[in-house]
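Work through the exercises below with the sequence and the structure at hand. Each task is followed by a solution in steps.

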Amino acid sequence: VSGLATVETALEQTYPDALETLKAFCRIPSVSTDPAYREGVRTAAAFVADQLRAASLPVVELLETGGHPAVFAETRPIEDRPTILVYGHYDVQPPDPLEKWRTPPFEPDERDGRLYARGVSDDKGPVLIPMLVVGAYLKAGVELPVNVKFLIEGEEESGSPHFEPLVERSKDRLACDVVVSADGAMWRADLPSVTVASRGLTALDVTVTGAAKDLHSGRHGGSAPNAVRALVRMLATLHDADGRVTVQGFMDGVTPPDPAIRAAIEASGFDAARYFGEIGADPPQPLPSGIDLLVRQWLEPTLEFNGVFGGYSGSGTKTVVPASAGAKITCRLVAGQSPARVRDAIVRHLESVLPTGYRLDIGLHGPGSEAFAIDPDLPALAISQNLLGEMMGKPALRVAMGATIPIGTVFKRHLGVGTIFFSFSTADEDYHAPNEFFRLENFRLGQIAWARLLARLAEKP
Ligand SMILES: [Zn+2]
């Protein structure tokens, strides 16, 4: 019996324990963006460290960042073996709105072959897999085919504000031949895919102020400035009727996408009517093609209103003229766009459409992140693509992703290595919404796949 077969058998046998471990992980409310959950975040970091110790890794440490800690671990180095760095995160999105959950978000519930809990798909299930796999090698006494390091952070869901400085100052310890990310979902449950590009992100808050205080609409309505009215007029100028961004300078620097992604879009058979059905929206008329929709999701930038507020929105009525109103805006960026330049272009646009008699204030949220693309010739990319295809019974496509994973750029910049995504979550698992779930068949399959990936990366990472 080969070493790999021994490891795979061990993983099958310990699957029930692994599932219990995943449930325990999901019971920890590690919401990184909300200070009310600070204890939960600390507990989750300690849980990850304990798992890595239980997996027999000789070096396991919490790395303080000034925010939430990251967990670092490494196997005992074997000379002349390549080294991979496994990336993932233990923090989760906020569970709100709570009333939309069928079962409580931090009480994992198993139904229909799925585990439901906040964070189970993003990223607790996927990141637990490589920890279990390395543990299976070490505990079975099978020599690891590669040296493995782990860097599991706790701020991914709040924009990783301390991550890049951490990588920069730890670059000697993190040195590796390739990064394998356990974060970054597969695109569709029925179609194996590897993610080769992701969009960047920039964010800003817009506040418009008219009078110094809220006013009575009977006494002042018609004469006083209404900040909600000014704001919605301004926001309406940011897109055309088709939803395309009209901000001058927004598209500056955009570079053409990888032709492999276009080919995947055309090969995917993406069904537009089904898409609108799945998101519970009425399809627009005329119905756009599936290709158009995917091009928009993967290859075009966006400007999205994430929230608009001002005045009174409670029950009943309140006859108020709001003094101020605001909106939260984020943009997904494509290759070539600079987060700072995009933000500046939006600010210039808003200043140019600000009505007189109002004040505009802009709040920023860090530097944002550029879009990311993997070097298409990276050997590890072909290895992971072929392996996934074999395991899932059809060839894996190279796809882009509309979401943002800034780590690829960070690792390239400071460690000089490429990043591949090898995640067993799927993009439809509601991971930023109520009733997040993880397909348990992928929890099982992912463990076998990771065991094999480590063996194949030994040949040429
Ligand atoms: Zn994630």
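## Backbone exceptions

S56 is partly exposed, with a relative accessible area of 37%. The model used in these exercises is a predicted one.

**Exercise 1.** Find where S56 lies and state what sets its phi apart.

Solution. Step one is location: S56 sits in the loop between α3 (38–54) and β1 (59–63). Step two is the backbone angle: phi of S56 is positive, about 75°, although the residue is not a glycine. For comparison with the general case, most residues other than glycine have a negative phi. Step three is exposure: at 37% relative accessible area, S56 falls between the limits of 20% and 50%, so S56 is partly exposed.

**Exercise 2.** Examine P58: give its loop, its exposure and its C-alpha distance to E74.

Solution. P58 is also placed in the loop between α3 and β1. Its relative accessible area is 39%, so P58 is partly exposed. Along the sequence, P58 and E74 are 16 residues apart. In space, their C-alpha atoms are 6.9 Å apart.

**Exercise 3.** Decide whether S160 and P161 are buried or partly exposed, and locate both.

Solution. Begin with S160, which is found in the loop between β6 (147–153) and α5 (163–169). Its phi is near 45°, a positive value in a residue other than glycine. The relative accessible area of S160 is 13%, under the 20% limit, so S160 is buried. Next take P161, which lies in the loop between β6 and α5. P161 has a relative accessible area of 48%, so P161 counts as partly exposed. Finally, check two distances. The C-alpha atoms of S160 and G408 are separated by 13 Å, with their positions 248 residues apart along the chain. P161 and R341 are 180 residues apart in sequence, and their C-alpha atoms are 20 Å apart.

**Exercise 4.** Inspect the peptide bonds from D122 to D123 and from Q285 to P286, and give omega for each.

Solution. The general expectation is that most peptide bonds are trans. The bond from D122 to D123 is cis, with omega near 10°. D123 is part of helix α4. The bond joining Q285 and P286 is cis, and its omega is about -5°. P286 is located in the loop between α10 (272–278) and α11 (290–299).

## The zinc site

**Exercise 5.** List the donors of the zinc ion and classify the geometry of the site.

Solution. First, collect the donor atoms: NE2 of H89, an OD atom of D122, and D183, which is listed with OD twice. The distances run from 1.8 to 2.7 Å. Second, look at the angles among the four donor atoms, which span 51 to 150°. A tetrahedral site needs all angles between 85 and 135 degrees. The site of the zinc ion is classed as irregular. Third, read the spacing of the donors along the chain, which is H-x32-D-x60-D. H89 belongs to strand β3 (residues 83–89) and D122 to helix α4 (residues 120–140), so this pair, 33 residues apart, links distant parts of the chain. Fourth, check burial. H89 has 0% relative accessibility, so H89 counts as buried. D122 is buried too, at 7%.

## Cysteines and cavities

**Exercise 6.** State how many disulfides the model has, and whether C26 and C176 are buried or exposed.

Solution. A disulfide is a covalent bond between the sulfur atoms of two cysteines. The count here is zero disulfides. C26 has a relative accessible area of 0%, so C26 is buried. C176 is buried as well, with a value of 13%.

**Exercise 7.** Count the cavities of 30 Å³ or more, then describe the lining of the largest cavity.

Solution. The count is three cavities of 30 Å³ or more. The volume of the largest cavity is about 40 Å³. Its lining includes G184, A185, M186, L388 and F421. Strand β8 (residues 193–198) gives the most to this lining, with three residues. Sorted by class, the lining has six nonpolar, four polar and no charged residues.

Technical notes
Residues numbered from 1 in each chain as written. Predicted model: local features only at pLDDT ≥ 70, side-chain atom pairs only at ≥ 80, totals over all residues. Heavy atoms only, no water. 1 Å grid on protein atoms, 1.4 Å probe; cavity = no way out; pocket = protein on both sides within 12 Å on 5 of 7 lines; lining within 4 Å. Points joined across faces, edges and corners; volume = space filled by probe spheres on them. Helix = DSSP H or I, 4+ residues; strand = E, 2+ residues; numbered from the N terminus. Nonpolar A, V, L, I, M, F, W, Y, C, P; charged D, E, K, R; others polar. Donors = N, O, S within 2.8 Å, 3.2 Å for Na, K, Ca; no water. Tetrahedral: all angles 85-135°; square planar, octahedral: opposite > 155°, others 65-115°. Buried < 20%, exposed > 50% of the residue type's maximum accessible area, 1.4 Å probe, protein only. Disulfide = S-S within 2.5 Å.
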